[in-house]
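Please take a moment to look over the model below before reading on. The paragraphs after it move from the sheet to the charged pairs and then to the enclosed space.

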Amino acid sequence: VVRMPTGAGVGAGPFHSQSNEAWFTHVPGLKVVYPSTPADAKGLLIAAINDPNPVLYFEHKALYRSVTGNVPEAYYTIPIGKAKTVNAGTDLSIITYGAGVHWALEYQEQHPNISIELLDLRSLQPLDYQAIKAAVSATGKVLILHEDNLTGGIGGEISAWINENCFQLLDAPVMRCASLDTPIPFAIELENNFMARARLNEMVEKLLSY
């Protein structure tokens with residue numbers, strides 16, 4: 001198991017704030033997990049240790065400092081490759097992981113008039129294709145949200161799979177909300193603009209109005 005501190009939001013610049021999880025999903029034989037909550041972090045770490053395969057365990061540095069939650073003291077595991085439906089909704093589906101889960105929850109809280117189906121992937125390799133298909137089916141409109149750069153991000157792979165396997169369920173093109181295709185700036189104001197979060201409202205409105 002290799003623990004991989006990752007992610008921006010702490011003003012650490014391009015060498016300490018990259019999101020490079022998509023690099024490793026391309027390597028056959030590696031498993032990649034990315035928890036968004038303390039409870040998932042424990043359950044996925046134990047599952048990773050128990051797994052006979054090499055597992056890369058991504059942990060977001062900004063979530064270290066901002067997210068709290070109850071963690072059972074008992075021994076438990078969360079199956080690798082099993083996503084979690086965080087919210088049920090009818091207007092659009094947001095498929096995401098890591099910090100993106102909290103951005104989507106914050107957006108939902110600020111826009112209670114929009115009914116959002118929110119899927120936390122938790123594992124990026126393998127992906128939970130059954131859960132992805134269920135999220136597509138729930139609303140017919142899908143936004144893939146991730147902190148990684150747009151080009152070459154895991155969102156492109158998920159979008160392609162949905163297009164090939166769930167096209168009949170779609171009412172709009174699959175859209176992606178991701179960070180800019182630039183190095184990550186040190187300056188907090190520039191970093192905030194770099195992040196996918198800065199374009200979430202724009203992309204949700206675009207998808208809903210399609």
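What follows is a walk through a predicted model.

A good place to begin is the open sheet, in which five strands are arranged in the order 4-6-5-8-9 with mixed pairing. Strand 4 (84-87) and strand 9 (175-179) stand at the edges of this sheet, and because each has a single partner strand, one side of each is left without a neighbour in the sheet. On average, and with direction ignored, neighbouring strands of the sheet are turned by 25 degrees against each other. As for the edge formed by strand 9, this strand runs parallel to strand 8 and is joined to strand 8 by four bridges; within this pairing, Ile144 has Arg176 in strand 9 as its bridge partner.

From the sheet we can turn to the charged side chains, among which a search of the whole structure finds five salt bridges. In one of them, the side chains of Arg3 and Glu59 meet with a distance of 2.8 Å from N to O. Since Arg3 belongs to strand 1 (residues 2-6) and Glu59 to strand 3 (residues 55-60), the pair ties together parts that are 56 residues apart in sequence. The two partners can also be described by their accessibility: Arg3 is exposed, with a relative accessible area of 54%, whereas Glu59, at 7% relative accessibility, counts as buried.

Another salt bridge is formed by Lys31 with Asp51, whose closest N and O atoms are 2.8 Å apart. Here Lys31 lies in strand 2 (residues 31-33) and Asp51 in the loop between helix 2 (38-50) and strand 3, so that the pair links distant parts of the chain, 20 residues apart. Asp51 counts as buried, at 16% relative accessibility.

A further pair leads back to the sheet, for Asp40 forms a salt bridge with Lys84, the closest N and O atoms being 3.1 Å apart. This pair links Asp40 in helix 2 with Lys84 in strand 4, 44 residues apart. Asp40 counts as buried at 4% relative accessibility, while Lys84, at 27%, counts as partly exposed. Through salt bridges that share partners, Asp40 and Lys84 are joined with Arg122 into one network.

Finally, the structure holds one cavity of 30 Å³ or more, and about 40 Å³ of space lies in this largest cavity. Its lining includes Ser19, Glu21, Tyr34, His60 and His146, and the elements giving two or more residues to that lining are helix 4 (99-110) and strand 8 (142-149). By character, the lining residues divide into three nonpolar, five polar and two charged.

Technical notes. Residues are numbered from 1 along each chain as its sequence is written. This is a predicted model: local features need pLDDT of at least 70, side-chain atom pairs count only at pLDDT 80 or more; totals for chains, interfaces and linings use all residues. Side-chain values use heavy atoms; hydrogens and water are left out. On a 1 Å grid over the protein atoms alone, a cavity is a set of points where a 1.4 Å probe fits but cannot get out, and a pocket is an open set with protein on both sides within 12 Å along at least five of seven lines; lining residues have an atom within 4 Å of a point. Grid points are joined across faces, edges and corners, and a volume is the space filled by probe spheres set on the points. Ala, Val, Leu, Ile, Met, Phe, Trp, Tyr, Cys and Pro count as nonpolar, Asp, Glu, Lys and Arg as charged, and the others, Gly among them, as polar. Two strands pair if DSSP finds at least two bridges between them. Axes are lines fitted to C-alpha atoms, for helices over the stretch in contact, and angles run from 0 to 180 degrees between N-to-C directions. A salt bridge is a side-chain nitrogen of Lys or Arg within 4 Å of a carboxyl oxygen of Asp or Glu. Buried means under 20% relative accessible area, exposed over 50%, partly exposed in between (1.4 Å probe, protein chains only).
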